[in-house]
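Let's take a walk through this fold together, starting from its sheet and working outwards to the helices. Have a look at the sequence and the structure first.

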Amino acid sequence: MKPNDLPPILTDWFQSRGWTPRRHQLDMLGAGRAGRHALLVAATGAGKTLAGFLPTLTELIDAPSDGLHTLYISPLKALAVDVQRNLLTPIEQMGLPIRVETRTGDTPHDRKVRQRARPPQILLTTPESLSLLLSYEDSFTMFAGLKTIVVDEVHAFATEKRGDLLALAMARLQRIAPGLRRVALSATVADPDGYRAWLAPDGDIDAVSLVLGEKGADPDIAILLPEGRVPWSGHSGVYAIPQVMAEIETHRTTIVFCNTRGLAELVFQNLWKVNDLKLPIGVHHGSLSLEARRKAEQAMADGKLRALVATASLDLGVDWGDVDCVIQMGAPKGSSRLLQRIGRANHRLDESSEAVLVPGNRFEYLEARAALDAVDAGELDPDNFRAGALDVLAQHVMGVACAAPFDAGDLLDEVRGALPYSALEAETFDRVLNFIADGGYSLRAYDRFKRLTRTPDGLWRVTKPAFIAQHRLNAGIIVEAAMMDVRFKNGRRLGKVEEGFGTQLAPGDTFFFAGMALEVERTELTDLIVRATSKQARFVSYTGLRLSITSSLADRVRRFLADPAEWARFPDDVREWLEVQRQRSQLPTPGQLLIETFPHEKRHHLVCYSFEGWNAHQSLGMLITRRMEALGLKPLGFVANDYALAVYGLEKITDPAALFSPDILEHEFVDWVQGSALLKRAFREVAIIGGLVERQQPGKKKTGRQVTFSTDLIYDVLRKYEPDHLLLRAAWADARARMTDVGRLGRLLDTAVDQMVHVDLPRVSPMAVPVLIMIGREKVATGAVEDELLIEAEALANEAMRVD
């Protein structure tokens, strides 16, 4: 038999379906038979999942065996369930004696216990559940015969903390089962070699075969233009709801993607207002209950919904063949994300996926056009690999100790086999061990932080059994904002809202959630008891960072502004907007930082067009207003979007360069982060991940306030007595790198003075209108006030577009 030949039963099954195995599927089989690790990069609809499992199915057909053969790792619980359904079908049709099961946080306890004693041949799970499995004494026997691990949608988490946890788990599995073969699957990878190195034991890139799938049909993407003019501001696209509804009416099944949970609820409610045909439409996002999400997913699978309004909860892997249109509300923020979402339509390699983009404003129109061009050019967003996080390492080390005592030198060698930790210094590893052993110098007087001890035989052991239970109850990498359950008084759960929002509600207050208007009946400790209502309601607000435009899309938008030859492709009002901007002020070229200053409504404004994303601009706004205060410029506030930052105050800014010098990161940034809640939030996350503070205790769950109170107390002690503590270092790294987009901010400030072009204007410019409108909208509610703002926005735009 040739390496790529299928067993007869598999050949017959393909033929019975009228299918022919694709080349990349057979190449993955060949890599499996050769015992090589493999990374498969193939378009959505190319049969990636089946390709990943073909070597497993073949091996279990050729040599049936009991015990765990293959682990499948998914970034999402829903993805594991979906794969189980798609994998069980061919196994049942071929009559193969292969058991496939899922294991996630939602799996019943008795099944979890049984799976450890008698695992299936194929187990589908998540990084967190795998890490927990490795914390049990019987993990050595459970995984001893493991042959393959398949990591699906690897791009979704390899460069994040969940990827750190999985890389450490794979290094542990490789020690338990030295012959283990690693496989990763993805549709959107910009740096295949980076992922090959991440996947490989000890980062040995040559040990991983790269398998590329056939190119699928080019997607059919259109930008929806409003009936009228492209709006000046906003990012929701709700102005186009009637047109979106028309698209839903003319397609079999549509997924309407939104960038935030709040926007998903808003779009869902607005669609129902114009759903004259009463078509069945659902809503799906991560804050809804598991039952609500599963119900929506099943309705889609059964063809009972015409449309589903969703967030990133459906970005990955849920494959419904009847979806024939994807609509993106607002700009996609990245070409890789756009491709991932487009791939949910048709899910067939040889048919074009149909997608519609609904830009929220004029800048978002340029971004949507940039995303289309990037997709046409095959340009994906860059993958940013980085060193592994120390709080994740601390959690992993504790899990290893729960399974068995360990030698520090042996474990360090094992940990270095995971690429994110390949350069880990022995001194840093020792600090991690000592942190778990006693909490650090400032906390070692407290027994509750003494989780590990080193015995005379030189091995590290868990101090007492209670710490093992505590670890298993609290392990995990995803640290959400504190949440409150939303439920009816009969006990039916609808999902969760953030505690900060829920605690503001009183009996009688109303809000939209899970597609319904709800009225609060009463508030319990961690529950909101509600009933359905027909009253006018508000929308749930969520904290957290927004998706920011990627640097590659931002660069394309900059090129659009600098090249009038491109403008012929744009709608008339967008083209006119840019032409008047060029006439009245200036358009920045790549490598330039345009700064405009002008008076408006008895205030002095500065607008910086840096295109570094909302998160970086929020941080920059904080820093610049602090520096304005120090310089006596009397700042009043700032607003930001993905493209620009506007600051305003009572004094005219004549020297912008003084506000943008690089030392702002050394002075104002450090002071601001240390004096704000930002570092405390980052510390809360690393303290939970690192095991210093538990979220749950046996039989009860702490409220968000209790967890925050615990972490704030410890934070204050460490800041005062041990500022170089391991977790404070980890929190600072998180605050700098992830929570403020400080990398983009730093690049901006390093070059700002050299690249700055300052234009002083007598009044507002056309390009400043989208960000300036936000000044009024920050405090707005709904109804008549919103109408007044629209009138003000039009007046501002008219002033900006005057050429006299």
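The paragraphs below go from the sheet to the helices that pack on it. Please keep in mind that this is a predicted model.

A good place to begin is the open sheet, which has 7 strands in the order S3-S4-S2-S5-S6-S1-S7, paired in parallel. Why do S3 and S7 each have one side without a neighbour in the sheet? Strand S3 (100-103) and strand S7 (208-212) stand at the edges with a single partner strand each, so one side of each is left free of a neighbour there. On average, neighbouring strands of this sheet are turned by 20° against each other, direction ignored.

Now zoom in on one pair. Strand S2, residues 70-73, runs parallel to strand S5, residues 148-151, and 4 bridges join the two. You can pick out Ile-73, whose bridge partner in S5 is Val-151. As a general point, strands of a sheet pair through backbone hydrogen bonds.

Next come the helices. Helix H8 (residues 161-176) packs on the sheet and touches S2, S5 and S6, with its direction at about 170° to that of S5. Helix H2 (residues 23-33) lies across strand S1 (37-41), strand S6 (181-186) and S7, and runs at about 170° to S7.

H8 also meets helix H16 (residues 408-415): their axes come within 9 Å and cross at roughly 115°. From H8, the contact uses Leu-168, Ala-171, Arg-172 and Arg-175, while H16 brings Asp-410, Leu-411, Asp-413, Glu-414 and Val-415. Sorted by class, this contact has 4 nonpolar and 5 charged residues, and no polar ones.

Terms used. Residues numbered from 1 in each chain as written. Predicted model: local features only at pLDDT ≥ 70, side-chain atom pairs only at ≥ 80, totals over all residues. Heavy atoms only, no water. Pairing = 2+ DSSP bridges. Helix = DSSP H or I, 4+ residues; strand = E, 2+ residues; numbered from the N terminus. Axes fitted to C-alpha atoms, helices over the stretch in contact; angles between N-to-C directions. Contact = heavy atoms within 4.5 Å. Nonpolar A, V, L, I, M, F, W, Y, C, P; charged D, E, K, R; others polar.
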